[in-house]
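User: I want to learn how the labels on a protein model are earned. Can you take me through them one by one?

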Amino acid sequence: MSGVAVTIRNFAFSPATLKVPVGTTVTWTDQDTDTHTVTSTGSGGPLHSPALATHATYSYRFTTPGTYAYLCTIHPFMTAEVEVTR
C-alpha cells in the first residue's frame, strides 16, 4: 500500500482531515520552525511521535478502520484527524 503525506506548517496539519484506506502508511513532516508532535487525543490512541524538529518525520501504518483524532501536545490548538476506511 502506498503512503500519504501530511505536512506540519504554520502551526497546522495539512490536510486537517485525511481519508485513507486500511493499510495506508501516513507520514507527517514538520516543515515549521517550531517543534511539534503527532499525538492521539484521549488515552489509548496509536499516535505517539517524539518531538519533531524542523524537517523531522513520523510515520504510522493504519491497520484498523476508524477515525483517529490527533493533536500537537506542545501546541494543543493544532488538531486534525485521519479517517481510515476499508
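The questions below take the labels in turn.

Analyst: Start with the ground rules. This is a predicted model, where local features need pLDDT of at least 70, side-chain atom pairs count only at pLDDT 80 or more, and totals for chains, interfaces and linings use all residues. Residues are numbered from 1 along each chain as its sequence is written, and side-chain values use heavy atoms, with hydrogens and water left out.

User: What makes E5 and E7 paired strands?

Analyst: Take the terms in order. Strands are DSSP runs of E with at least two residues, numbered from the N terminus. Two strands pair if DSSP finds at least two bridges between them. E5 and E7 are joined by two bridges, so they meet that rule. They run antiparallel. In one of these bridges, Thr39 has Leu71 of E7 as its partner.

User: Which other strands belong to that sheet, and in what order?

Analyst: The order is E3-E8-E7-E5, an open sheet of four strands with mixed pairing. E3 and E8 are parallel, over five bridges. Val20 is opposite Val84 there. E7 and E8 are antiparallel, over six bridges. In that pairing Leu71 faces Thr79 of E8.

User: Why are E3 and E5 called edge strands?

Analyst: Each has a single partner strand, so one side of each lacks a neighbour in the sheet. E3 covers residues 17–21 and E5 covers 39–40.

User: What is the order of strands in the other open sheet, and which strands are at its edges?

Analyst: Its order is E2-E1-E4-E6, again with mixed pairing. E2 (12–14) and E6 stand at the edges, because each has a single partner strand. The average twist is 20 degrees from one strand to the next. For that angle, axes are lines fitted to C-alpha atoms (for helices, over the stretch in contact), and angles run from 0 to 180 degrees between N-to-C directions. E1 and E2 pair antiparallel over three bridges, with Thr7 opposite Ser14.

User: Is Gly3 buried or exposed, and how do you know?

Analyst: Here are the cut-offs: buried is under 20% relative accessible area, exposed is over 50%, and partly exposed is in between (1.4 Å probe, protein chains only). Gly3 has 56%, so it is exposed. Gly3 sits in strand E1 (residues 3–9). Its C-alpha is 4.6 Å from that of Thr25, although the two are 22 residues apart along the chain.

User: Which label does Ala56 get, and why?

Analyst: Ala56 is at 24%, so it counts as partly exposed. Ala56 lies in the loop between E5 and E6 (57–61). Contact means heavy atoms within 4.5 Å. Setting aside neighbours within four places in sequence, Ala56 is in contact with Trp28, Thr29 and Asp30.

User: What makes His75 buried?

Analyst: Its relative accessibility is 12%, so His75 counts as buried. His75 is in the loop between E7 and E8. Apart from neighbours within four places in sequence, His75 contacts Phe11, Asp34, Thr35 and His36.

User: How do the side chains of E8 point?

Analyst: They alternate along residues 79–85. Ala80, Val82 and Val84 point to one face and are buried. Thr79, Glu81, Glu83 and Thr85 point to the other face and are not buried. The general rule is that side chains in a regular strand alternate between the two faces of the sheet.

User: Why is the Trp28 and Tyr58 pair called tilted?

Analyst: Rings of Phe, Tyr and Trp (its six-membered ring) pair if their centres lie within 6.5 Å; planes under 30 degrees apart are stacked, over 60 edge-to-face, and the rest tilted. The centres of Trp28 and Tyr58 are 5.9 Å apart and their planes are at 35 degrees, so the pair is tilted. Trp28 is in E4 (residues 25–30) and Tyr58 in E6, so the pair ties together parts 30 residues apart in sequence. Trp28 is buried at 0%, and Tyr58 is buried at 13%. The whole structure has seven aromatic pairs.

User: What makes a nonpolar core, and which residues touch the most other members of the largest one?

Analyst: A nonpolar core is a set of buried Ala, Val, Leu, Ile, Met, Phe, Trp, Tyr and Cys residues joined through side-chain atoms within 4.5 Å. The largest has 19 residues, and Phe13, Trp28, Val38, Phe62, Tyr70 and Val82 touch the most other members. E1, E3, E4, E7 and E8 each give two or more residues to this core. E8 gives the most, with three.
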